[in-house]
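Me: I am new to reading structures and would like to look at one small part slowly before I think about the rest. Please pick a single packing contact, take me through it with care, and then show me what surrounds it.

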Amino acid sequence: FDRVRREFSTRGAIGLVGLLQAFTTADHQRQGRLPLATFEESLRACGISLTSMENDAIFGHFANTGNIDYMAFVREVRGSLHRLRKQRLMQVYKSVVTPVSTINMDLLLRNFNFQYHPRCLDGSLSERQCMADVEEGISINRAGASTVEDLMDYWAFIGYKLSEEQFEYCLLNTFPQIS
């Protein structure tokens, strides 16, 4: 999964949104699962070819009743934060978390300092592109309110290559404390 995660990390949230769209377009029965051949076709449509070993590993890990759970695959590609990073993220973003653990996206986007986004700092995205990346990356174009888990998954995705010091720098500078 690391190779696929690295590939999509260079594309940002737009790449994950495109992947999810390819999967949902191919999922005519809207079951959240695809046969291996259709799953592979969707990946190829996004510019990803898998080796037979990678196919076997993905199928073995995500197959359910002979089909691949593509939402579980997308969550795996996004990655997850370790406990200390989760705690720190919650401390920094507490002002945008609602009582029902959803994210107030308007407040988040109004106060986010995009120039400190990891992809803006490395020059791969402009501030404007980072704004779209944050919005699309947290929601993955789903209907309904984004959750704390969505925010954590997004930071796991954009921060997986960062050292602890870099992660802390980006986290603290992207979102100032709001009173």
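Reply: In this model, which is predicted, a good part to begin with is the place where helix 4 passes helix 5, and the crossing of these two helices is right-handed. Helix 4 covers residues 52-62 and helix 5 covers residues 70-78, and where they pack their axes are 10 Å apart and form an angle of about 115°. Helix 4 is therefore roughly perpendicular to helix 5, because that description is used for angles from 65 to 115 degrees. Helix 4 brings Ile 58, His 61 and Phe 62 to the contact, while helix 5 brings Ala 72, Phe 73 and Glu 76. Sorted by class, the residues of this contact are 4 nonpolar, 1 polar and 1 charged.

Helix 5 deserves a further look, since Val 74 also belongs to helix 5. With a relative accessible area of 1%, Val 74 is buried, because a residue counts as buried when that value is under 20%. If neighbours within four places in sequence are set aside, Val 74 is in contact with Leu 16, Leu 19, Leu 20, Phe 23 and Ile 140. Of these partners, Leu 16 shows how the fold brings separate parts of the sequence together: Leu 16 and Val 74 are 58 residues apart along the chain, yet their C-alpha atoms are separated by 7.4 Å. Leu 16, Leu 19, Leu 20 and Phe 23 fall within the range of helix 2, which runs over 13-26.

A second thread leads from Arg 78, the last residue in the range 70-78 of helix 5, to Asp 150, a residue of helix 10. These two residues are 72 positions apart in sequence but 9.9 Å apart in space, from C-alpha to C-alpha. Beyond its neighbours within four places in sequence, Asp 150 is in contact with Arg 78, and also with Ile 138, Arg 142 and Ala 145. Although aspartate is placed in the charged class, Asp 150 counts as buried, because its relative accessibility is 7%.

Asp 150 in turn takes part in another helix packing, which makes a useful comparison with the one we started from. Helix 9 (residues 127-139) and helix 10 (residues 148-159) have axes that come within 8 Å and cross at roughly 120°. Helix 9 and helix 10 are therefore described as oblique to each other, because angles of 65 to 115 degrees count as roughly perpendicular. This crossing, too, is right-handed. From helix 9, the residues Asp 133, Val 134, Gly 137 and Ile 138 meet Asp 150, Leu 151, Tyr 154 and Ile 158 of helix 10. By class, this contact has 5 nonpolar, 1 polar and 2 charged residues.

The loop that joins helix 9 to helix 10 holds Ser 146. A loop residue might be expected to lie open, so is Ser 146 buried or exposed? Ser 146 is buried, with a relative accessible area of 5%. Leaving out neighbours within four places in sequence, its contacts are Thr 102, Ile 103, Met 105, Ile 138 and Ser 139. The C-alpha atoms of Ser 146 and Glu 135, which are 11 residues apart along the chain, are separated by 9.7 Å.

Two other loop residues can be set beside Ser 146. Arg 30 lies in the loop between helix 2 and strand 1 (33-34), and it has a positive phi of about 55° although it is not a glycine. Arg 30 counts as exposed, because its relative accessibility is 59%. Ser 101 sits in the loop between helix 6 (83-93) and helix 7 (105-111), with a phi near 60°, again a positive value in a residue other than glycine. Ser 101 is partly exposed, with a relative accessible area of 40%.

Finally, it helps to step back to the whole chain. The protein chain has 11 helices and 3 strands, which follow one another in the pattern α-α-β-α-α-β-β-α-α-α-α-α-α-α. Its radius of gyration is 17 Å, close to the 16 Å that the globule rule gives for 179 residues, so the chain is as compact as a globular protein of that length. The C-alpha trace spans about 50 × 35 × 30 Å along its principal axes, and buried residues make up 45% of the 179 residues. Among contacts with a separation of 6 or more, residues 24 or more positions apart account for 70%.

Note on methods: Residues are numbered from 1 along each chain as its sequence is written. This is a predicted model: local features need pLDDT of at least 70, side-chain atom pairs count only at pLDDT 80 or more; totals for chains, interfaces and linings use all residues. Side-chain values use heavy atoms; hydrogens and water are left out. Axes are lines fitted to C-alpha atoms, for helices over the stretch in contact, and angles run from 0 to 180 degrees between N-to-C directions. Helices (H or I, at least four residues) and strands (E, at least two) are DSSP runs, numbered from the N terminus. Angles under 35 degrees count as roughly parallel, over 145 as roughly antiparallel, 65 to 115 as roughly perpendicular and the rest as oblique. A crossing is left-handed if the near helix is turned anticlockwise from the far one by less than a right angle, and right-handed if clockwise. Contact means heavy atoms within 4.5 Å. The radius of gyration is taken over C-alpha atoms; the globule rule is 2.2 Å times the number of residues to the power 0.38. Buried means under 20% relative accessible area, exposed over 50%, partly exposed in between (1.4 Å probe, protein chains only).
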